[in-house]
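Hello,

Here is the structure I promised to pass on to you. Please open it next to this message, and then read on for what turned up in it.

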Amino acid sequence: MQVYLPIAEMSVDALLLVGIGFAVGWLSGLFGVGGGFLLTPVLILIGIPSPVAVASGANQTLGASVSGLIAQWRRGNVDARMGTVLLAGGFAGSVAGVQLFALLRRIGQVDLAVSLFYVVVLGTVGALMVMESVRAILRRRTATRRKLHEHFWMHGLPLKIRFRKSRLYISVIPPALIGFGIGVLSAVMGVGGGFMLVPAMIYLLGMPTGVVIGTSLFQVVFVAANVTLLQAVQLGSVDLLLTMLLLLGGVAGAQFGAAMGTRLRGEETRALLGLMVLAVAISLLWGLLRTPANLYSSGPAL
Amino acid sequence: MSLRRPAGLPCRSAAGSSCRSAVGLSCRSAAGLSCRSAAGLLALLALLVLAAPRALAQEVPLVAALSQTAVEVSTGFTGAALMVFGSTEAPIGPGGDEILVVVRGPTRPLVVRRKVKALGLIWVNGPAARFAQVPGFYAIAGTRPAWQLLPEEVRQQNGLGLDALPLVSTGARAPGFRAAVLELETASGLWLEDAAPVEIGGSRLFHVQLPLPAAVPTGEYRVEVLLVRSRRIVAREEMGFRVDRVGTADRIATIADTRPLVYGVLCVLLAALAGWVGSILFRRS
């Protein structure tokens with residue numbers, strides 16, 4: 001069934017979009033991330049223009065994360081204070097990121113920037129996750145205990161605040177900076193940033209795993225909302241119909257994925273997610289390296 | 001209306017002023033006799049111009065029409081087909097009259113970029129050429145290809161054929177960019193040259209069906225039907241149609257365009273609502 005997307009100005013198979021939404025939703029439910037990092041490249045692959053794919057991807061991530069956030073909030077797994085600090089940085093970051101995106105679009109390097117960001121960020125995060133989880137799986141056999149978290153220079157910074165839910169007493173500067181970085185990335189890549197935020201909170205901030213997913217969803221929902229709003233106002237590239245079709249499949253897929261995720265062990269899940277992230281990075285890198293079929297491309301003059 | 005008026009005005013005023021000054025000059029400078037003859041010539045010309053349409057109306061060498069004057073782009077739009085048909089006074093076909101049909105869509109500025117290898121490793125967008133007025137849709141069809149029917153200069157003057165389109169570019173100047181525009185637009189199905197010939201029925205009737213792909217830009221389209229006799233254009237008929245978004249597609253695009261803030265808030269709220277409804281639906285079941 002073909003459907004005409006009013007902002008992308010093209011006709012796409014609606015069932016294909018619902019199917020993509022379902023598959024990405026299933027994976028994101030399984031791994032507890034928004035799934036934007038998979039969605040945006042897939043949308044670009046099926047021919048949606050990059051700006052529309054990035055903006056609509058952010059909008060879809062928002063919808064997909066809301067249901068997760070509601071569930072986590074009910075269980076009391078959200079550190080709202082930490083979330084607010086991350087969010088303050090995230091808002092500033094997404095404003096800066098949308099400016100960067102508008103600039104890239106003017107000089108005609110959106111496709112390159114999006115691909116490069118994906119290759120670098122996903123490659124790094126994916127490799128780290130795989131390495132960490134493999135080490136964790138091996139450690140499980142030897143069963144040595146680790147310290148709760150280590151103290152280093154970061155803990156000497158000023159503006160310390162007590163985060164009760166996270167059982168932390170640290171400066172607000174590191175979480176705000178992390179939030180800012182995620183905000184920039186989410187604007188340029190059309191992702192919520194959950195897949196980067198979760199490891200950052202565990203390894204950099206030393207937050208307990210229980211509140212990490214909920215708090216990251218808290219930040220993702222609001223940053224994605226901000227990115228959607230900014231992209232819509234500044235670039236007019238959010239396609240509502242595209243978002244809704246993706247969400248139709250995504251919301252259902254996320255529930256199935258979450259149900260299956262409870263049956264997998266933490267380390268195995270993280271290793272799988274890491275491998276998937278790496279696979280996306282490698283396929284995008286290949287796209288940059290190989291000789292393009294057509295050297296020329298055209299776009300509307302801005 | 002607003003589109004036509006600026007185009008019509010300078011034309012009329014230019015013609016008027018040049019006429020007046022020409023007459024005025026000749027009257028003042030030359031003797032009375034030549035002045036009277038000049039005025040007489042002008043009167044004769046005016047009479048001819050006035051009489052010409054009436055004479056054409058009696059003969060009518062060419063009549064043409066479109067299957068539709070509006071193409072509606074709804075959310076289910078997958079493209080459309082436009083039928084151009086008509087009849088001529090003299091028989092069409094080999095040795096007789098020939099028909100050319102040209103459809104031009106609204107123009108837009110276009111940037112063409114060429115990928116270059118950066119650092120000897122990755123492909124990035126390099127030099128770019130900017131084309132000011134590129135038709136978003138262009139289709140030409142004829143009883144025979146235009147280059148067989150008309151002399152080269154007439155074809156170039158009237159922009160008949162993809163290689164005769166006036167594409168003016170700024171920026172990178174390599175000829176490859178113009179060729180790339182042709183290639184990309186043809187590949188997207190938005191530019192067509194002799195996709196299907198104009199069919200002749202009963203020697204005086206002609207028709208051709210032109211496909212409008214799903215990606216056709218919205219706006220005003222012009223259709224020109226030309227009657228060619230012994231390598232000259234002897235009659236032309238101009239028509240127009242519009243491509244407009246309708247229904248949901250139109251409402252979404254209009255709000256996104258005119259009230260982006262409202263649209264952004266709407267997108268955020270609807271996505272959040274979809275996520276919330278989803279979580280409720282699946283928790284119950």
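**Two loops in chain B**

Ser203(B) sits in the loop between β10 and β11 (205–212) of chain B. Before going further, please keep in mind that this is a predicted model. Is Ser203(B) buried, partly exposed or exposed? There are 14 other C-beta atoms within 10 Å, so Ser203(B) is partly exposed. Its backbone is worth a look too: phi of Ser203(B) is near 65°, a positive value in a residue other than glycine.

Asp194(B) makes a good companion to look at, in the loop between β9 and β10 (199–201) of chain B. Phi of Asp194(B) is positive as well, near 50°, and this residue is not a glycine either. Asp194(B) has 16 C-beta neighbours inside 10 Å and therefore counts as partly exposed.

**Chain B as a whole**

Stepping back, chain B holds 7 helices and 13 strands. Of its 285 residues, 27% are buried. If you take the contacts in chain B between residues at least 6 apart in sequence, 67% of them join residues at least 24 apart.

Six strands of chain B form an open sheet with mixed pairing, in the order β2-β13-β12-β4-β7-β9. Why do β2 (70–73) and β9 (191–193) of chain B each have one side without a neighbour in the sheet? Both stand at the edges, and each has a single partner strand, so one side is left free of a neighbour. On average, neighbouring strands of this sheet are turned by 15° against each other, direction ignored.

Inside the sheet, strand β4 (residues 98–104) of chain B and strand β12 (residues 219–229) of chain B run antiparallel and are joined by 7 bridges. To find the pairing by eye, start from Val103(B), which stands opposite Val223(B) in β12(B).

Another strand to visit is β5 of chain B, where Leu110(B) has its place. Leu110(B) counts as buried because it has 22 C-beta neighbours inside 10 Å. From Leu110(B) to Gly120(B) is 10 residues along the chain, and their C-alpha atoms are separated by 28 Å.

**Where the two chains meet**

How many residues of each chain take part in the contact between chain B and chain A? On the chain B side there are 48, in contact with 46 residues of chain A. The elements of chain B that give two or more residues to this side are β5 (107–118), β6 (122–135), α5 (175–187), α6 (247–258) and α7 (260–284). Among these, α7(B) supplies the largest share, 16 residues. By type, the residues on the chain B side divide into 32 nonpolar, 9 polar and 7 charged.

Strands also pair across the two chains. Strand β5 (residues 296–300) of chain A and β5(B) run antiparallel, joined by 5 bridges. One spot to check is Ser297(A), which stands opposite Arg113(B) in β5(B).

**Chain A**

Chain A offers a hairpin to look at. Strand β1 (residues 2–5) and strand β2 (residues 10–13) of chain A pair in the antiparallel sense over 4 bridges. Tyr4(A) has Ser11(A) in β2(A) as its bridge partner. This hairpin has 4 residues between the strands, and Glu9(A) takes a positive phi there, near 55°.

Next comes Leu17(A), in helix α1 (residues 14–31) of chain A. With 24 other C-beta atoms within 10 Å, Leu17(A) is buried. Leaving out residues up to four places away in sequence, Leu17(A) touches Val12(A), Leu242(A), Leu245(A) and Leu246(A). Its C-alpha atom is also 7.9 Å from that of Gly249(A), a residue 232 positions away along the chain.

Finally, a pair of helices. Helix α7 (residues 194–205) and helix α8 (residues 209–234) of chain A pack at an angle of about 140°, with their axes 9 Å apart. That angle makes α7(A) oblique to α8(A). The crossing of α7(A) past α8(A) is right-handed. On the α7(A) side the residues that meet α8(A) include Leu197(A), Val198(A) and Met201(A), and their counterparts in α8(A) include Val212(A), Ile213(A) and Leu217(A). The residues of this contact divide into 8 nonpolar, 5 polar and no charged.

Enjoy exploring, and do write back with any questions.

Best wishes

Methods: Residues are numbered from 1 along each chain as its sequence is written. Chains are lettered from A and ligands numbered from 1 in the order in which they are written. This is a predicted model: local features need pLDDT of at least 70, side-chain atom pairs count only at pLDDT 80 or more; totals for chains, interfaces and linings use all residues. Two residues are in contact if their C-beta atoms, placed from the backbone, lie within 7 Å. Ala, Val, Leu, Ile, Met, Phe, Trp, Tyr, Cys and Pro count as nonpolar, Asp, Glu, Lys and Arg as charged, and the others, Gly among them, as polar. Two strands pair if DSSP finds at least two bridges between them. Axes are lines fitted to C-alpha atoms, for helices over the stretch in contact, and angles run from 0 to 180 degrees between N-to-C directions. A residue is buried if 20 or more other C-beta atoms lie within 10 Å of its own, exposed if 12 or fewer, and partly exposed in between; C-beta atoms are placed from the backbone. Angles under 35 degrees count as roughly parallel, over 145 as roughly antiparallel, 65 to 115 as roughly perpendicular and the rest as oblique. A crossing is left-handed if the near helix is turned anticlockwise from the far one by less than a right angle, and right-handed if clockwise.
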